[in-house]
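Subject: The structure I promised you

Hi,

Here is the structure we talked about, with my notes underneath. Have a look at it first, then read on.

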Amino acid sequence: MAEEEQAKGSMRLYVKGVVLGYKRGLSNQYNSTNLVKIQGVDDKAGTDFYLGKRIAYVYKAHTEKKGSKFRVIWGRVMRPHGANGVVRAKFRKNLPPSSIGGPVRVMLYPSRV
């Protein structure tokens, strides 16, 4: 199956993730830091590979700009959060509340190898 995908040229260079919400305590919420669950990562050790990787939140807007209705907010994986494979991420602009529960793309670059 992998050979068929390579022949077609459709190779996915990212891992799927989901925005869980903002970093928060009991009474304070930190909008500049988001919690992201990465698909296939279930423990703290598994998050080590993704530290420093770039994240793209792709959304569709109403007005067309530069020939596309799709926009992107870029961010970066900063550190693990807890023991279940969740990471903290910071974006160039804070993510809107409508992004909670929405998909993100965790890019496989830059490499730290």
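What percentage of the 113 residues of the protein chain count as buried? The figure comes to 32%. Keep in mind that this is a predicted model, and that every value below is computed from it.

**Overall layout**

The protein chain has 1 helix and 6 strands, and along the sequence they come in the order α-β-β-β-β-β-β. If you want a box for a quick setup, the C-alpha atoms fill one of roughly 50 × 40 × 20 Å along the principal axes. As for the contacts between residues at least 6 apart in sequence, 58% of them join residues at least 24 apart.

**Lys 53**

This is the residue I'd start with. Lys 53 sits in the loop that runs between strand E2 (29-38) and strand E3 (54-65). What is the nearest side chain of opposite charge to Lys 53, and how far away is it? It is Asp 48, at 9.3 Å. Lys 53 therefore has no salt bridge, given that one needs a side-chain nitrogen of Lys or Arg within 4 Å of a carboxyl oxygen. Lys 53 is nevertheless buried.

What the Lys 53 side chain does reach is the backbone oxygen of Pro 110, at 3.1 Å. Setting aside neighbours within four places in sequence, the contacts of Lys 53 include Gly 75, Arg 76 and Val 77, and also Val 106, Met 107, Leu 108, Tyr 109, Pro 110, Ser 111 and Arg 112.

**Salt bridges**

There are 2 salt bridges in the structure. In general, side chains of opposite charge can pair when their charged atoms come close.

One of them involves Asp 48, which we just met: Arg 112 pairs with Asp 48, with the closest N and O atoms 3.7 Å apart. This pair ties together distant parts of the chain, since Arg 112 belongs to the segment after E6 and Asp 48 to the loop between E2 and E3, 64 residues apart. Arg 112 counts as exposed because its relative accessibility is 53%. Asp 48 has a relative accessible area of 44%, so it is partly exposed.

The other joins the side chains of Lys 37 and Asp 42, at 3.7 Å from N to O. Are these two residues buried or exposed? Lys 37 is partly exposed because its relative accessibility is 24%, while Asp 42 has 59% and so counts as exposed.

**Strands E1 and E2**

Three residues give a feel for this part of the model.

- Val 19 is in strand E1 and counts as buried because its relative accessibility is 1%. Leaving out residues up to four places away in sequence, Val 19 touches Asn 34, Leu 35, Leu 95, Ser 99, Ile 100, Gly 101, Gly 102 and Val 104. From Val 19 to Asn 31, 12 residues along the chain, the C-alpha separation is 12 Å.
- Leu 20 is also in strand E1, but Leu 20 is partly exposed because its relative accessible area is 44%. Beyond its neighbours within four places in sequence, Leu 20 contacts Leu 35, Lys 37, Val 86 and Ile 100. Leu 20 and Val 87 are 67 residues apart in sequence, yet 9.9 Å apart from C-alpha to C-alpha.
- Leu 35 is in strand E2 and is buried because its relative accessible area is 12%. With neighbours within four places in sequence left aside, the contacts of Leu 35 include Val 18, Val 19, Leu 20, Gly 21, Tyr 22 and Lys 23, as well as His 81, Val 86, Val 87 and Arg 88. The C-alpha atoms of Leu 35 and Val 18 lie 8.5 Å apart, with their positions 17 residues apart in sequence.

**The largest pocket**

Last one, in case you want to dock something. How big is the largest pocket? Its volume is about 170 Å³. The lining is made up of Tyr 14, Lys 16, Gly 17, Ala 56, Tyr 57, Val 58, Pro 103, Val 104 and Arg 105. Strand E1 (14-24), E3 and strand E6 (103-107) each contribute at least two residues to that lining. Val 104, one of the lining residues, is also among the contacts of Val 19.

Cheers

How values were computed. Residues are numbered from 1 along each chain as its sequence is written. This is a predicted model: local features need pLDDT of at least 70, side-chain atom pairs count only at pLDDT 80 or more; totals for chains, interfaces and linings use all residues. Side-chain values use heavy atoms; hydrogens and water are left out. Helices (H or I, at least four residues) and strands (E, at least two) are DSSP runs, numbered from the N terminus. Buried means under 20% relative accessible area, exposed over 50%, partly exposed in between (1.4 Å probe, protein chains only). Lys and Arg count as positive and Asp and Glu as negative; His and the chain ends are not counted. A polar contact is a pair of N or O atoms within 3.5 Å; within protein, one must be able to donate a hydrogen and the other to accept it, and residues adjacent in sequence count only if both atoms are side-chain atoms. Contact means heavy atoms within 4.5 Å. On a 1 Å grid over the protein atoms alone, a cavity is a set of points where a 1.4 Å probe fits but cannot get out, and a pocket is an open set with protein on both sides within 12 Å along at least five of seven lines; lining residues have an atom within 4 Å of a point. Grid points are joined across faces, edges and corners, and a volume is the space filled by probe spheres set on the points.
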